[in-house]
Amino acid sequence: MKRTKQINESKELIFEAFMQLLKEKKEEDITLTEIAETAGVGRMTIYRHFKEKDDILLYKVKQYYEVARLQLQDKKLSLLDLMEFRYKLIYESPHIEHFYKINKLQSLFDAFRTIYSSDIMTVLPPSTDAYTIAFIISGMDAITNLWIQNGRTEPPKQMAQLTAQIIEKNLSN
């Protein structure tokens with residue numbers, strides 16, 4: 001238990017240091033050594049927890065998702081529930097602008113896809129083929145990307161309804 005707490009504290013320090021450095025520099029100009037120095041940890045600590053800088057960014061996203069997903073664990077989810085969950089998570093993420101500014105939204109979407117793909121499969125009709133699923137997921141990413149570009153002005157619930165309507169319309173054709 002104590003070791004888990006120590007690992008989590010190290011990861012948080014590394015993440016916060018990286019976020020701090022991203023305010024000052026471009027991602028490609030930041031070294032792992034700088035991140036370690038800013039975080040007050042050894043460089044090997046970073047390598048123990050993260051393979052590359054993208055993993056540092058995705059760590060927090062995965063953490064937000066897992067905490068939020070626990071809240072939905074026992075619910076029978078609908079497509080609208082999943083869409084609202086996705087938009088709410090992004091809306092409340094304090095670091096989403098960093099992902100956008102450094103062109104890492106696709107990494108974010110890829111992380112979401114691996115985390116919630118099994119949930120999506122449960123709300124789509126069983127006859128939905130792999131091409132349609134790929135189309136739906138890519139469409140969700142495109143809509144989410146546009147929403148972020150436009151400053152996330154629409155509330156998550158409205159975006160969820162819009163996205164779910166578009167998906168359901170395409171599934172019924």
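**Group meeting: a helical model, from its core to its charged pairs**

Let me begin with helix α1, where S10, I14, F15, A17, F18, M19, L21 and L22 are buried. This is a predicted model, and I will come to its confidence in a moment, but α1 also lets us check the geometry. Its 23 residues, 2-24, should span 33 Å at 1.5 Å a residue, and the end C-alpha atoms are 34 Å apart, which agrees.

On confidence, the mean pLDDT of the protein is 83, with 91% of the residues at 70 or more. The highest mean, 93, belongs to helix α2, residues 32-39, whereas the lowest, 72, belongs to helix α7, residues 105-123, and I would ask you to keep that in mind when α7 comes up again.

Now to the interior. In soluble globular proteins, nonpolar side chains tend to be buried together. Here the largest nonpolar core has 46 residues, and those with the most contacts inside it are I14, I35, I46, I56 and M83. The elements that each give two or more residues to this core are α1, α2, α4, α5, α6, α7, α8 and α9. What does I14 touch, if we leave out residues up to four places away in sequence? The partners are I35, A39, V41, T45, I46, H49, F50 and I56, so that I35, I46 and I56, which I named among the residues with the most contacts in the core, appear here as neighbours of I14.

F50 takes us to the aromatic rings, of which the structure holds four pairs. The rings of F50 and Y59 have their centres 5.8 Å apart and their planes at 75°, so this pair is edge-to-face. Both residues are buried, F50 at 5% relative accessibility and Y59 at 11%. Y91 and W147 form another of the pairs, and because their planes lie at 20°, with the ring centres 6.1 Å apart, they count as stacked. Y91 is in helix α5 and W147 in helix α8, so the pair ties together parts that are 56 residues apart in sequence. The surroundings of these two rings can be set side by side: W147 is buried, with a relative accessible area of 2%, while Y91, at 40%, is partly exposed. I should add that ring pairs link F15, F50 and Y59 into a cluster, and F15 was one of the buried residues of α1 with which I started.

Turning to charge, the structure holds four salt bridges, and I will describe three of them, starting with E9 and K5, which meet at 3.9 Å, N to O. Both lie in helix α1, four residues apart, about one turn of the helix; E9 is partly exposed at 43%, and K5 is exposed at 54%. K25 and E34 also meet in a salt bridge, at 2.3 Å, N to O, and K25 is partly exposed at 32%.

Are the residues of the third pair, D141 and R86, buried or exposed? Both are buried, and their side chains meet at 2.9 Å, N to O. This pair links distant parts of the chain, with D141 in helix α8 and R86 in helix α5, 55 residues apart.

One last residue concerns the backbone. Most residues other than glycine have a negative phi. R152, in the loop between α8 and α9, has a positive phi, near 50°, and R152 is buried, with a relative accessible area of 12%.

Terms used:
Residues are numbered from 1 along each chain as its sequence is written. This is a predicted model: local features need pLDDT of at least 70, side-chain atom pairs count only at pLDDT 80 or more; totals for chains, interfaces and linings use all residues. Side-chain values use heavy atoms; hydrogens and water are left out. The expected span of a helix is 1.5 Å times one less than its number of residues. Buried means under 20% relative accessible area, exposed over 50%, partly exposed in between (1.4 Å probe, protein chains only). pLDDT is the predictor's confidence in each residue, from 0 to 100. A nonpolar core is a set of buried Ala, Val, Leu, Ile, Met, Phe, Trp, Tyr and Cys residues joined through side-chain atoms within 4.5 Å. Contact means heavy atoms within 4.5 Å. Rings of Phe, Tyr and Trp (its six-membered ring) pair if their centres lie within 6.5 Å; planes under 30 degrees apart count as stacked, over 60 as edge-to-face and the rest as tilted.
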